[in-house]
Amino acid sequence: MSNYHIKNLEEYFQIYRKSVRNPEAFWEEIAEEHFQWRRRWDNVLSWDFEKPEVKWFEGAQLNISENCIDRHLYTRANKTAIIFEPNNPDEPAQHISYSQLHAEVNKMANVLKSKGVKKGDRVCIYLPMIPELAYTVLACARIGAIHSVVFAGFSSTALATRINDCDASIVVTSDGSYRGSKSIDLKKIVDQALEECPQVGTVLVAERTKNEVVMTEGRDHWLAPLTEAAIDECPVEIMDAEDPLFILYTSGSTGKPKGMVHSSAGYMVYTAYTFKNVFQYRENDVYWCTADIGWITGHSYILYGPLANGATTVMFEGVPSYPDFGRFWQIVEKHKVNQFYTAPTAIRALAKEDLKFVEQYDLSSLKVLGSVGEPINEEAWHWYNNNIGKKESPIADTWWQTETGGIMITPIPYSTPTKPTFATLPFIGVQPALMDESGQELKGNQVEGRLCIKFPWPSIARTIWGNHERYRDTYFSAFKGMYFTGDGASRDAVGYYRITGRVDDVVIVSGHNLGTAPIEDAINEHQSVAESAIVGFPHDIKGNALFGYVILKDEAHERNQDNLRAEINRLISDKIGPIAKLDKIVFVPGLPKTRSGKIMRRILRKIASNDVSNLGDVSTLLNPDVVDQIRKIVGV
Ligand code: PRX
């Protein structure tokens with residue numbers, strides 16, 4: 001039995017028990033045998049969830065880019081590391097070998113160095129899904145700079161907030177990006193953002209769409225001439241195990257986005273190990289994750305996890321609907337994809353279309369299907385299983401978070417029997433607990449509660465950039481001595497976990513985490529708005545959509561309501577990004593509040609979901625009449 005590659009359910013249970021009984025010995029063995037270290041650790045794990053502080057492989061030295069690239073050159077130099085599939089199907093795909101990847105990453109690393117970037121500096125990356133994105137991420141890792149990738153769908157304000165929060169002094173972007181039939185002027189968005197970021201002295205611009213851009217003298221540089229002139233050898237920076245590798249922002253239920261900080265060694269070990277097992281990756285398989293590298297899924301399971309295993313990973317620039325709804329399946333056929341990893345929202349959108357978009361392609365290469373980002377509903381699960389996997393490719397419904405760095409609850413394909421809507425069993429080393437609201441752990445099966453994790457795993461985020469107190473308050477204060485996920489979950493009769501959704505004010509829209517408070521802050525800046533409350537409600541394709549209750553200022557009542565709705569959504573688009581736009585906006589005279597002034601979101605959620613059978617006792621509210629008024633306006 002190899003602990004590194006789980007092959008059946010019995011092995012899963014044996015390895016799981018080992019990993020929980022003696023986590024240090026278990027992870028030490030995995031780390032020792034599958035990675036390249038420049039110095040061995042002195043101590044496998046030290047931790048204290050009260051502080052909170054977690055350290056894995058302390059004293060060890062390594063470089064993750066060396067583990068993802070250089071060490072494969074001995075045996076896999078000509079193997080394809082990345083298949084770049086462009087937005088336009090007529091543009092040829094690029095097969096980037098490990099030796100080419102090595103050269104490109106080294107050149108990029110030398111370019112960054114030539115612009116003064118040093119170990120520990122923050123580099124903001126705002127790029128579409130083009131090879132330069134992968135090169136820049138890995139180049140940062142190579143020289144020990146901390147990358148902060150911002151999804152290229154975020155607005156200039158959102159970008160500026162993220163640049164300033166981590167005090168990045170350099171931004172890597174492109175002239176534009178292709179998204180289906182549209183192109184987006186990314187450089188212009190960067191220019192707008194940088195009006196708020198005086199510390200940014202360098203902008204490197206990759207050429208993609210060839211649209212006209214304004215280059216600011218002295219600050220902005222085209223990337224290509226710099227990389228062409230750069231040397232393709234750059235020694236790796238030797239990193240300590242706990243040195244930060246990257247920052248990735250995620251929305252909180254309140255306040256500004258949280259810059260989750262991930263470490264070097266623990267993150268590497270855990271993403272590599274989960275990748276190997278959750279996707280049952282074998283040498284020469286072609287693996288494709290459809291996420292954007294701007295999210296944690298792309299960090300861990302397009303780049304780091306696959307590359308650490310010497311895998312071939314597909315990077316797709318486009319969208320599932322362009323040039324038609326068969327695009328995903330055409331790519332599966334074209335590259336003979338073996339493992340396919342996507343989000344339920346994409347599955348639901350494609351399931352609505354004619355089956356001919358699926359049936360015209362040969363999907364027989366597929367062996368494993370993955371799902372991530374939100375609960376997968378039963379209908380979508382069956383559609384995926386029947387039409388894409390042809391009931392032969394197990395579905396790994398993988399539950400995890402930006403904060404966890406890697407997959408936490410998931411079936412192991414071909415080992416764990418799957419069950420629709422259940423993420424099933426904890427991954428090796430993961431110790432979940434379900435808690436009741438009074439803070440007691442719910443033991444045994446057939447229980448439902450708040451999902452916590454009792455023991456550290458190697459890729460847990462170490463802090464929130466610049467705000468360790470917020471890290472403690474958000475994740476370690478609700479349940480003593482435990483990491484609280486913010487999700488609810490149930491455990492069935494055999495111990496399988498089912499994630500029931502967020503229990504805080506975060507709404508998952510099309511697989512994107514959106515805190516409601518920042519959206520309310522954006523709306524409240526509208527001159528006609530007095531107050532607002534946002535809640536989620538079920539949506540056929542997006543999983544959840546956003547419903548806005550808005551109180552207008554007196555003078556605004558004369559205004560055309562449709563115009564106001566459009567203005568509010570434009571404001572949200574500008575401040576956060578189009579993904580945060582509201583599906584429904586109603587103008588209400590007030591919001592239901594408790595006597596202490598807290599908005600009763602539970603009531604608003606029920607009204608938005610057209611589920612008013614059990615609104616509970618509203619008589620104790622500060623303003624009980626408002627509930628009926630709102631119901632009348634919404635029509636439920
Ligand atoms: O609510 C859970 C949901 O997505 C949240 C994490 O979002 P984010 O940090 O953006 O990371 C998404 C990709 C890992 C979780 O708290 N979520 C993620 N995967 C699942 C899920 N909910 C149910 N089932 C899943 N498989």
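A polar contact is a pair of N or O atoms within 3.5 Å. That cut-off frames the ligand site in this predicted model.

**Ligand site**

Thr-402 meets the cut-off: an N or O atom in its side chain is 2.6 Å from an oxygen atom of the ligand. Gln-401 and Arg-502 also place side-chain N or O atoms by ligand oxygen, at 2.9 Å and 2.8 Å respectively. The table lists these pairs.

| Side chain (N or O atom) | Ligand atom | Distance |
|---|---|---|
| Gln-401 | oxygen | 2.9 Å |
| Thr-402 | oxygen | 2.6 Å |
| Arg-502 | oxygen | 2.8 Å |

Taken alone, the ligand exposes 540 Å². The protein buries 95% of that area.

Which elements give two or more residues to the shell around the ligand? They are helix 11 (296-308), strand 20 (395-398) and strand 25 (497-502). In total, 18 residues surround the ligand. The closest are Asp-397, Thr-398, Thr-402, Asp-487 and Arg-502. Sorted by class, the shell has seven nonpolar, six polar and five charged residues.

Where does the ligand lie with respect to domain 1 and domain 2? Domain 1 covers 2-319 + 398-489, and domain 2 covers 320-396. Both give residues to the shell, so the ligand lies between them.

**Aromatic pairs**

A search of the whole structure finds 50 aromatic pairs. A pair of aromatic rings is described by the distance of the centres and the angle of the planes.

Take Phe-275 and Tyr-287. Their ring centres are 4.7 Å apart. Their planes stand at 85 degrees, so the pair is edge-to-face; the cut-off for that class is over 60 degrees. Phe-275 sits in helix 10 (residues 265-278) and Tyr-287 in strand 16 (residues 286-289). The pair therefore ties together parts that are 12 residues apart in sequence.

Are these two residues buried or exposed? Phe-275 has 0% relative accessibility, so it counts as buried. Tyr-287 also has 0% relative accessibility and counts as buried.

Phe-537 and Phe-547 form another edge-to-face pair. Here the centres are 5.7 Å apart, with 85 degrees between the planes. Phe-537 belongs to strand 28 (residues 529-539) and Phe-547 to strand 29 (residues 543-552). The two residues are 10 apart in the chain. Both Phe-537 and Phe-547 are buried.

**Aromatic cluster**

Aromatic residues also group beyond pairs. One cluster is formed by Tyr-4, Phe-26, Trp-27, Phe-35, Trp-37, Trp-41, Trp-56, Phe-57, Tyr-270, Tyr-273 and Phe-427.

Notes: Residues numbered from 1 in each chain as written. Predicted model: local features only at pLDDT ≥ 70, side-chain atom pairs only at ≥ 80, totals over all residues. Heavy atoms only, no water. Near = heavy atom within 4 Å. Polar contact = N/O pair within 3.5 Å; in protein donor to acceptor, adjacent residues only side chain to side chain. Areas by Shrake-Rupley, 256 points an atom, 1.4 Å probe, with all protein chains shown as cover. Helix = DSSP H or I, 4+ residues; strand = E, 2+ residues; numbered from the N terminus. Nonpolar A, V, L, I, M, F, W, Y, C, P; charged D, E, K, R; others polar. Domains from an automatic or database assignment. Phe/Tyr/Trp six-rings, centres within 6.5 Å; stacked < 30°, edge-to-face > 60°. Buried < 20%, exposed > 50% of the residue type's maximum accessible area, 1.4 Å probe, protein only.
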